[in-house]
Structures are given as C-alpha cells and as structure tokens.
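User: Got a minute to walk me through this one? I'd like the overall picture before I poke at details.

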Amino acid sequence: MYSPDQILKGLKAHERRENEGRLRIYLGMVAGVGKTYAMLKNAHQLREQKQDVVVGYVETHGRKDTIEQIGDLEVLSRKQLSHRDVVMEEFDLDEALKRRPQVILVDELAHTNVPGSRHPKRFQDILELLGQGIDVHTTLNVQHIQSRADTVAQVTGVIVSEIVPDTIIDRADDIILIDQDPDEILLRLKQGKIYGAEKAGAAALNFFKEGNLTALREMGLRLMAQRVDQELSEFKTLQGEPLGARPHHRLIVAVFASPFSEYLIRWTRRYAYALNCPWSAVYVRTSRTLSDEEEILLRKNLETVRELGGEVVEIQDDQINEGIMRAVKQQEATQLVLGKPRHRDWWQFWKTHVTHALIYNANTVDVHVVSPPEHTFKKISYPRRVQKILKIPETSSLVNSLLVVGGATLVNLVLIDYVAYHALGIIYTLAFCLSAVLLTHFSVALAAGLSALLWNFIFIPPRFTFAISLGEDWLMLLLYLVTAVMLGTFTRRLRRSEERMRKQGERTDALYRMTKTLAGARDGAEAIHRALEQLKDQLHVDASVWVLEGKRKIEDARVQGTFKPDLKESAALQWSYLNRRSSGKYTDTLPGVSGHYIPLMDQAGLWGVMGVDTKDLKETGTEGLALIQAISQQLSFALGRDDLFRLLQEKQIKEESEKIYRTLLNSVSHEMRTPLTAIQGFAEGLTLSGNIDPLVNESASEILSNTQRLNQVVQNFLDMGRIEAGQLRLKKQETDLVELMRSVWARIKDGKAERKVNFHFPEVPAIIPADGPLLAQAIDSVIKNALIYTPTNSEIDVTITSDGRHARILIQDNGPGLGSHPELVFEKFWRKHPEKTGGTGLGLSIAKAFVELHDGTLVAENVRGGGALFRFTLPSKEYL
Amino acid sequence: MKTKILIVDDEASIRRLLTLTLGEAYQVVEARDGREALHFAAAEKPDLIVLDMGLPDKRGHEVMKDLRTWSDVPVIVLSVENDPATIVDVLDAGADDYVTKPFRAEEFRARVRVCLRRAQVKKTEESIVKIKNIEIDLERRIVKKGSEVVHLTATEYSFLIFLLKNQGKVVTHGQILRSVWGPSTPSDSTYPRVYMRHLRQKLEHNPDEPEIFITETGVGYRMREN
C-alpha cells in the first residue's frame with residue numbers, strides 16, 4: 001500500500017514542473033572529471049534543437065578544452081563586486097532574470113557569493129531562477145552535499161565548508177553523474193589538466209589520493225543508486241502501482257544546543273532517506289537560560305534540520321526525557337535517535353543521563369544510540385555556573401539583602417533580653433525566607449552568609465567575637481547555613497518557574513487575543529488594521545501590509561500601515577512578492593535591510609506582503625519574530641476568507657444577472673416569434689388555400705419569404721446579443737464532426753439539391769468536445785454563405801481532418817473569392833451585395849464567435865485560381 | 001368519429017392558426033393555460049395534445065409531468081426556445097415530439113399524422129416491418145438489407161428495435177441509454193453515437209447521407225417513417 005501523502009507528493013512534483021524551471025545537476029566526485037565540459041557540450045546540442053541556451057556563469061579554471069567548448073554560446077556579462085578592496089566577478093542574477101533564456105548554465109552550485117550579493121549562496125540564486133520558470137543546468141561535486149559532508153570529512157580528513165542542502169538535490173529534475181576512473185584523474189592532475197601546471201599544489205595533492213578518490217566515487221554512485229530507487233518508487237506511485245508492504249516509519253532525533261547534534265541530524269536524515277520515511281527533530285526547552293553561544297548553536301542546529309527537510313518540534317519541559325517522549329507521541333514516531341553520552345561530570349553522579357532514562361522509558365519506539373566522531377567535538381564554552389553566580393547582581397537586590405539581614409539583627413537585639421540565643425536563629429531563618437522571594441542568586445548567598453556571621457558575632461556566646469565555645473553551637477550554625485542556602489535556592493527556583501509560567505501564559509494570551517481580534521474582523525481591510533494594531537501594541541513595531549486585491553504587480557498594491565520602506569527596502573518587498581518567501585532582516589535574502597517581509601498566502605493564493613520594521617524588535621528577539629509569523633499567518637487566513645467571500649458575492653451577482661438576462665432573452669424571443677409564427681402560418685394557409693387571384697397568391701408568398709427572413713434576423717440578433725453579453729454557455733458533449741456535418745447538410749440540401757457538394761471524410765471519426773447545435777449553426781452559416789455567393793454550376797468541397805490535437809473543417813468553393821480583404825467577411829453587418837442577397841451580415845460573425853467559444857479558429861482566405869476557403873480549426877481535447 | 005386534438009396555447013392567434021391548420025381533418029378543442037389543458041385532457045379524452053411550452057400559469061414541462069402520471073395520450077410540444085436542453089427535458093418528461101415556432105404547416109401536419117398513426121400501430125403490431133429497402137422480421141429476429149441478411153450484434157439489434165418502436169419520433173440520448181443499455185449507464189456515455197455509426201454502416205444505402213437514421217443535433221435520433 002502507498003499512502004495518500006506519497007501520491008500527493010508525486011502529483012505535486014509533477015504539478016510543480018509545469019510552472020517552474022527544470023534543474024539539471026552534473027554531479028562529479030571531484031574537481032576535474034569534466035562536469036563543466038559535459039554541461040557545455042550538452043548546451044550545444046540543446047541549441048541545435050532550437051532551444052534558447054545562455055551561459056550564465058562558467059568557471060573554466062583555465063582548462064583549454066573547457067574554454068574551447070564554450071565556443072559561440074551566448075555568455076552573460078558578470079557582475080563586478082568589490083569586497084575589501086578586491087574586485088571580484090560574480091554571476092549576475094538580475095542580468096539573467098532580465099535576459100530570461102529558456103535554459104541557463106550556472107557552474108558550481110555550492111559556490112558562496114561575495115558579501116553584498118542578493119543571496120549568500122549561489123544555490124539560492126539558482127532556486128530563484130527556477131522559480132521564474134527558467135531551466136538551470138549546474139555542476140556539483142559530491143563532497144559539497146550537506147548530508148555527505150561528514151562522511152567526506154571522516155574519509156578524507158578535509159572539512160568542507162561550501163555545502164548545499166540536500167533539499168536542492170531532491171529538487172533536481174535530472175542528475176547526471178560524470179564518472180571517471182581515479183587513475184585517469186590522477187594522470188590528468190599530473191599533466192596539469194585539472195588545475196593548470198603551476199597550481200597543482202600541496203593542498204590539492206593531499207586531497208587527490210587514490211583512496212580518497214575511490215571513496216568519493218563510491219559516494220557519488222551510491223547517491224545515484226538511491227535516487228534511482230526513489231524515482232522508481234515515485235513512478236510506481238504515480239502509475240498507481242502498489243509499492244509493496246512498507247511499514248510506516250517516522251524518525252525523530254533529539255537536538256540540543258550542542259555541536260554533536262549536527263552530526264546526529266545528518267545521520268538521521270541519511271537514515272530516513274534510506275528508509276524513505278519522514279523525520280523530525282525535537283528540542284526540549286528547559287527553564288535554564290541558554291548562553292548566547294548556545295543559543296546560536298541551537299538555532300544553527302534547528303536551521304540544519306529545516307534545510308535538510310525535517311520538521312522541528314519545540315517542547316517546553318524541565319524534564320528533558322519526558323519532553324522528548326511527548327514529542328515522540330505527538331509525531332507518532334517509530335524510531336528515536338539519541339547521542340551516546342560521552343562523559344559524565346563528577347558532580348552529576350546522582351543524575352541519570354537523558355539517554356539512559358529514555359532507553360529505559362521508551363517502550364513504544366526503537367532507540368538508536370549514535371556515536372559522534374571525534375572531530376565534531378569542537379570546544380564550546382558552556383555557561384559556567386560559577387561565572388554566573390559571581391555575576392554582580394543589581395544593586396537593589398544587594399541593598400535588599402543587607403536591609404533584610406540588618407532588620408532581623410535589630411529585632412534579635414531586642415529579643416536577646418527575653419529568649420535564648422538559639423531561638424534567634426529561627427528569626428533569621430524567617431527573615432531569610434521572606435527575602436528569598438525578592439532576591440537574586442548572589443544576594444541569597446550573601447544574605448545567608450552575612451546573617452550567619454552576625455548571629456555568631458552578636459548573639460552566640462562568647463558574644464561580640466567570632467569564636468564559638470560550645471560544640472552544638474558550631475553544629476547549629478552549620479545547619480543554619482545549609483538550611484538557609486537550600487531554602488533560598490528552592491524559593492528562587494519556584495519563583496523562576498512561576499515567572500516562566502507567567503511568560504508562557506502571556507504569550508498564549510497574546511496569541512489568543514490576536515487570533516480573536518483578527519477572526520472578528522468584518523473584512524480584509526479591518527483584519528489588516530487590527531493586525532497592525534496588534535504588532536504596535538505587543539511588539540511596539542511599525543508595520544505595513546501591501547494588499548494585492550487582484551492586482552498583478554506589487555507596485556499597484558494598496559498599502560496600509562505606518563512602515564514606509566525606502567528604495568533599498570522595496571527590493572526585498574518585491575523579492576518576497578515574486579518568490580513567495582520571507583526576505584529582509586533575519587532571512588537569507590537581503591538581510592542588510594531593516595524590514596522583515598513575509599508573503600501573506602495560503603493554498604489558494606498570494607494575498608499580499610507584510611513588512612515589519614525590525615528597528616525596535618531587538619529586545620523581543622526570536623519570540624517577537626514568532627509572534628510576527630503567527631500574526632502574518634492569521635492575517636493570511638483572514639485575507640483568504642475575505643477573497644472567498646468576495647468571489648462568492650461576485651458569483652451571486654453574476655448568476656443573478658445571468659438569470660435576468662435569460663429571462664429577458666426568452667421573453668424577447670417569445671414575443672417576437674409568436675407573431676411571426678402566426679404571420680407565417682396564415683400566409684402559408686393563404687398560398688395553400690387554392691385561391692386563384694394571382695395578386696393574393698403573390699402577396700402571400702412574398703409575406704411568407706419575408707417572414708422567414710425576418711425570423712432569421714431575429715435569430716441572428718438574439719445570438720449576437722447572447723455572445724456580446726458573454727452569456728453563452730457551451731454545453732459540450734463528445735461530438736462526431738462527420739455526423740454533425742451530415743445532419744447540417746441534410747437540412748440545407750432540401751431545396752438545394754441541384755448544388756454539387758463533395759464530402760471528404762476521414763477514415764476514423766473526428767470526435768471533439770463541442771456544443772453540437774452551436775457548431776452546427778456555424779457550419780450551416782458558412783455553407784449557406786458559399787451557396788449564396790457562388791454560381792449554381794460551381795462546386796463546393798467539404799473536407800474534415802483530424803490529427804489528434806486538432807480537428808479541421810475546410811469548406812472550399814470555386815466561385816469568385818472574397819476580394820482583397822478576406823477577413824472582412826467576419827465583420828458585423830458587412831455584406832458583399834446588400835441589395836442582392838438580403839440577410840443581416842451577422843451570420844459569419846456569429847459563426848466565428850461560436851467557433852472561438854470552442855477555443856478554435858475560423859479563418860477565410862482566397863484560393864489561388866479563384867474561390868474562397870473557410871478553415872475551421874478546433875481543439876480535439878479539453879486543455880485545462 | 002373524427003380524431004380529437006387538444007390545442008394548448010395562451011396566444012389566441014396561434015390557437016386560431018393551429019385550428020385552421022388542423023381543423024379540416026380533425027376535431028379541435030382549445031385550452032388557454034395549463035390548468036385548462038389538464039382539465040380538457042381528462043374531460044374530452046383527446047387522441048393527441050399539442051402543448052405550448054410557454055404557458056402563463058405552468059411551464060409546459062410541468063404540465064407534461066402531471067399529464068403523464070395518469071395518461072399515455074401522445075403529446076407534441078410547441079416551443080420557441082431554440083434550446084436543445086429544454087427540448088430534451090420535455091421529451092424525457094414524456095413528450096412524443098417537438099416542433100419549434102415558427103413552423104411550416106406541412107411539416108406540422110406530418111408530425112401530427114405520424115404521432116397519431118404510431119398510437120394506433122401499437123395495437124396491431126406486425127411481425128415484419130419494412131423501411132426503404134430494409135426488412136425487419138421481429139419474430140425471427142432477422143434483418144435484411146435488400147435480399148441479403150445483415151448480421152447485427154445483440155446490442156445493435158435492441159437499439160434498432162428501440163428506434164423502430166419509436167419510429168418517426170425523436171428519441172433523446174438519455175432515453176436510448178436507459179432502454180438499451182440499462183438505467184445505471186452514465187448519462188454522458190458515447191455508446192449511442194458509436195452504435196449509431198454501426199447501424200448506419202450496416203443498414204443505410206449511403207452511410208454518409210443517412211436516410212433512415214436521422215440525427216437531431218443536440219437532442220437525439222429519429223428513425224424515419226416508411
């Protein structure tokens with residue numbers, strides 16, 4: 001069995017290819033195997049097939065055969081960018097978008113752009129090209145693929161810095177592996193064919209070892225094998241073939257603010273790919289605040305997950321293992337990936353390591369414990385607790401602790417006259433408990449120490465010395481100190497957890513309020529107004545929304561809000577609109593501007609773009625961004641709803657007007673046809689009555705023929721009216737053109753039997769989706785037209801052909817032809833000899849309109865040697 | 001006794017015209033709206049009804065439906081709407097034929113004759129029917145073209161018989177599908193078109209210019225009278 005998701009994925013892949021460009025990657029194991037050469041060679045072939053191929057950027061490395069291979073291909077100019085006083089050449093994305101070729105060649109997918117470019121990485125440039133419907137051919141070495149980077153490092157000892165996410169490999173429509181024997185590569189290297197004689201230096205030689213090359217080659221071949229496998233299963237899904245019993249796996253990996261997590265993430269991704277199953281990562285946020293360094297590392301790890309195509313689950317829990325198990329349940333994961341604990345700090349001897357705890361508790365999932373390779377352990381400074389404790393607290397907290405201890409001492413000074421000094425310790429404890437609520441970590445320790453000293457100095461005998469005479473006093477003092485510190489710590493922890501709850505509550509509350517206010521908006525404009533208000537109230541930021549409202553350009557959009565971006569900003573706005581992705585600050589695209597831009601869209605379409613000025617956002621950080629995200633999402637829904645409502649209204653209006661129109665048309669038709677019927681009928685009665693008065697007879701037949709003409713005129717005007725009001729709805733059915741032609745001719749031929757019409761019908765029936773009666777009327781008009789305008793002794797040829805895509809009807813006569821402007825015959829009210837033939841001059845225009853309603857064409861032309869030819873072309877299938 | 005025809009139309013001049021057209025050969029009863037039509041149909045027991053589609057009180061096809069719940073009297077529908085869908089609707093509701101206004105007196109009288117004759121033929125069914133040079137032996141299920149026996153498949157034969165039963169009258173695609181292929185056949189099926197081609201190839205003198213099986217574009221087929 002295969003899941004609906006898989007089918008959907010297959011369909012989506014197909015659908016996407018309709019609008020987006022195709023990506024072809026020439027994959028090699030190492031530099032110099034001839035990827036660029038192969039790409040250029042193929043480009044020449046494409047050009048021979050009349051495709052518009054352009055070289056966007058090709059790195060020749062001075063290789064002779066590669067330079068020669070470019071030949072006469074069109075090469076785009078490069079962009080000159082200066083960075084630290086060095087002028088560098090880069091691929092010019094804007095130039096490429098302006099040129100809009102069918103296929104563009106952009107070398108080295110993994111390249112990192114010079115700072116100041118639109119995107120930090122070249123693969124992002126390429127994604128943008130693809131998004132604009134341009135096919136891209138590019139090259140890549142296997143070691144640059146993110147999920148392979150670890151293995152490369154393990155095998156070759158070289159850490160690769162330029163990497164591309166695996167999603168772009170999955171995105172590729174074709175991957176062409178350029179394979180070469182390692183011996184041959186080494187030979188080429190020695191001959192200086194790869195780096196040029198002078199550059200084949202030590203670093204390169206280090207990498208180009210036979211062992212390395214073989215390993216890289218295997219990696220490339222494996223990648224291809226996996227991909228072929230995947231394609232096969234996708235193909236089978238599309239073909240509706242069952243994939244065989246495949247257990248539904250889902251992997252989940254536990255991620256921490258640790259450098260080791262990155263390895264785990266890649267491991268999971270590789271394994272998920274092999275199992276062909278989805279995967280996600282869970283991060284459990286505890287009440288402990290992360291250091292800046294940890295926060296960065298964590299964000300990088302989660303970003304890696306997203307880049308590799310995984311889903312991120314964030315959970316709040318102080319018990320990490322419970323949090324992870326919650327995520328497992330929530331994601332319905334079947335396999336859990338954890339890191340192997342490496343060492344244990346001596347002071348944590350009583351704690352069970354998360355991994356151990358999970359192995360014991362995770363009964364519903366399989367657990368993989370993965371060992372990290374040594375090199376992933378870069379030194380990272382964990383927040384040292386000592387450092388944190390020693391951090392000087394706010395002065396108010398210090399003053400508070402002094403005040404509390406001082407106050408308790410004063411009380412004790414009074415009490416010493418009435419009670420024994422032992423009891424005074426209780427007073428200090430009480431004061432201390434009260435104060436712990438107000439104090440910070442450091443102040444708690446300070447207060448505990450200070451109060452112990454004062455108690456000892458002032459009250460414990462011998463008084464006013466630090467000396468203690470009795471052994472139990474020592475014990476008491478020690479116990480006091482321990483109790484005080486513990487009490488203080490617990491109180492503090494309680495307070496912190498309370499604080500967290502409060503914050504969380506606030507966040508939930510904010511979200512709830514936001515959702516409620518947005519949902520309550522009457523229309524799109526009000527929803528936007530409320531969303532902007534929310535941003536102002538909760539985050540104190542300026543924001544604006546560009547609403548498209550059916551417009552095709554962001555420049556024409558209606559702007560609502562207080563944020564006024566400058567010219568540089570509007571590039572980011574434009575980009576977000578065109579690419580339907582976030583841009584600006586906090587993103588990979590144009591991160592230098594101060595606005596953060598989010599496209600407002602849902603499945604149904606793009607409604608607009610929201611821009612937020614991030615100048616005042618710094619203090620709220622990621623939380624603020626999350627709220628902005630949530631607001632933009634809610635706003636998208638609101639705008640989507642608004643659009644739906646508008647469509648509904650439009651539809652209602654249209655239906656209503658159609659109804660009125662139909663009623664009107666029917667009544668006009670009825671009102672005119674009824675008297676016509678009577679006139680015609682009675683006139684006919686007269687002609688058949690056997691009256692011998694020639695005047696009566698002649699009058700009656702004149703009335704009869706004119707009534708018939710008037711009836712035709714009425715019919716034409718009604719048809720024209722319907723066409724022009726756009727009220728004509730086709731009722732398409734599979735129609736056999738040959739049969740249709742026969743029935744048309746059968747009707748015409750009564751009374752025209754003397755005319756010679758030759759029919760040339762195809763062997764196989766020409767069947768097209770058409771509204772039979774309308775098409776019949778169009779054919780009828782054209783044939784009648786031919787009969788009227790040609791002498792009685794001339795012949796008419798009717799030919800029907802069909803080639804699978806189109807069906808054609810050719811109606812040719814050998815009469816006088818159509819004059820110097822054949823297209824005029826379709827003009828309304830145009831008649832060749834008005835005085836002679838009668839008619840309204842509408843018949844052919846109506847015929848043309850009817851054919852065009854079928855997405856077909858009707859053209860008239862003169863035949864060489866005399867005569868007119870009317871050519872109907874009609875699509876054979878419905879094109880959606 | 002003269003054959004009795006009930007004419008239903010709200011326009012006096014059309015009623016006059018119809019009476020004049022039919023009056024010599026038949027006894028004509030006139031009704032002005034749907035209510036009257038149903039009343040006279042019951043009271044006068046006409047042999048044929050000519051029913052206008054655009055009545056002031058009820059739509060023609062509602063009258064048709066009402067009528068068919070208790071009577072099998074042949075009905076010819078008069079219509080100004082050149083809209084095949086409405087015509088198909090009323091034929092499916094049980095009408096026997098349709099004529100669009102303005103009509104030729106000759107043609108109209110011919111339709112009336114066909115309709116009346118068919119109503120009578122029903123009672124005295126012959127076992128051998130001849131149309132043009134085709135001979136159909138209903139008893140032995142043999143079809144001959146001239147003197148040669150034509151082999152028809154079972155479906156082709158039942159299609160032919162269905163058309164024969166309704167000879168002279170228009171049958172809609174829907175009616176053909178329901179009677180020949182059964183009620184569960186999808187309504188957009190192309191069977192009738194395909195089998196019509198077979199029938200024409202086997203039975204028509206010149207399949208390119210059919211004389212027996214006539215196409216009524218957008219509505220259905222009609223098998224011509226002898």
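Analyst: Sure. This is a predicted model, and in chain B buried residues make up 36% of the 226 residues. Chain B has eight helices and 12 strands.

User: And how many residues of chain A count as buried, as a percentage?

Analyst: In chain A, 33% of the 880 residues count as buried. Chain A has 27 helices and 25 strands.

User: What about long-range contacts in the two chains?

Analyst: Taking contacts with a separation of 6 or more, residues 24 or more positions apart account for 54% in chain B. For chain A that share is 68%.

User: OK, confidence next. What's the average pLDDT of chain A?

Analyst: Chain A averages 79, and 87% of its residues score at least 70. Over residues 241-247 of chain A, though, the pLDDT is below 50, and that stretch has seven contacts in the model beyond near neighbours in sequence.

User: Where else in chain A does pLDDT stay under 50?

Analyst: Residues 379-391 of chain A do that too, and the model has eight contacts for them beyond four places in sequence. Where pLDDT is low, the predicted coordinates should not be read in detail.

User: Noted. How many residues of chain A are in contact with chain B?

Analyst: On the chain A side 29 residues are in contact, against 26 residues of chain B. The elements of chain A giving two or more residues to that side are α22 (621-688), β19 (733-736), α24 (737-749) and α25 (772-789).

User: Which of them has the largest share?

Analyst: α22(A), with 14 residues on the side that touches chain B. By class, that side of chain A divides into 11 nonpolar, 11 polar and seven charged residues.

User: Switching to helices. Is α11(A) mostly covered or mostly exposed?

Analyst: Mostly covered: 12 of the 17 residues of α11(A) are buried. Among them are A:Phe260, A:Tyr263, A:Leu264, A:Ile265 and A:Trp267, along with A:Glu262, A:Arg266 and A:Arg269.

User: How far does that helix reach, end to end?

Analyst: α11 of chain A covers residues 259-275 and reaches 25 Å from its first C-alpha to its last, close to the 24 Å expected at 1.5 Å a residue. A:Asn276 follows α11(A), with a positive phi near 55°.

User: At what angle do α23 and α27 of chain A pack?

Analyst: At about 40°, with the axes 10 Å apart; α23 is residues 694-724 and α27 is residues 843-853. The crossing of α23(A) past α27(A) is left-handed.

User: Which residues meet there?

Analyst: From α23(A) you have A:Asn716, A:Asp719, A:Met720 and A:Ile723, meeting A:Gly843, A:Ile846 and A:Ala849 in α27(A). That contact has four nonpolar, two polar and one charged residues.

User: Back to backbone oddities. Which peptide bond is cis?

Analyst: The one from B:Lys101 to B:Pro102, with omega near -5°. B:Pro102 is in the loop between β5 (97-100) and α5 (105-121) of chain B. Most residues other than glycine have a negative phi, and most peptide bonds are trans.

User: So what's phi for A:His540?

Analyst: Positive, about 55°, although A:His540 is not a glycine. You'll find A:His540 in the loop between α20 (524-539) and β14 (543-547) of chain A.

User: Why does A:His540 count as exposed?

Analyst: Because A:His540 has 12 other C-beta atoms within 10 Å, and 12 or fewer counts as exposed.

User: And B:Arg141, what's phi there?

Analyst: Near 55°, a positive value in a residue other than glycine. B:Arg141 sits in the loop between β7 (134-137) and β8 (142-145) of chain B. With 11 C-beta neighbours inside 10 Å, B:Arg141 counts as exposed.

Technical notes. Residues numbered from 1 in each chain as written. Chains lettered and ligands numbered in written order. Predicted model: local features only at pLDDT ≥ 70, side-chain atom pairs only at ≥ 80, totals over all residues. Helix = DSSP H or I, 4+ residues; strand = E, 2+ residues; numbered from the N terminus. Expected span 1.5 Å × (residues − 1). Buried ≥ 20, exposed ≤ 12 C-beta atoms within 10 Å, placed from the backbone. pLDDT = per-residue confidence, 0-100. Nonpolar A, V, L, I, M, F, W, Y, C, P; charged D, E, K, R; others polar. Axes fitted to C-alpha atoms, helices over the stretch in contact; angles between N-to-C directions. Left-handed = near helix turned anticlockwise from the far one by under 90°.
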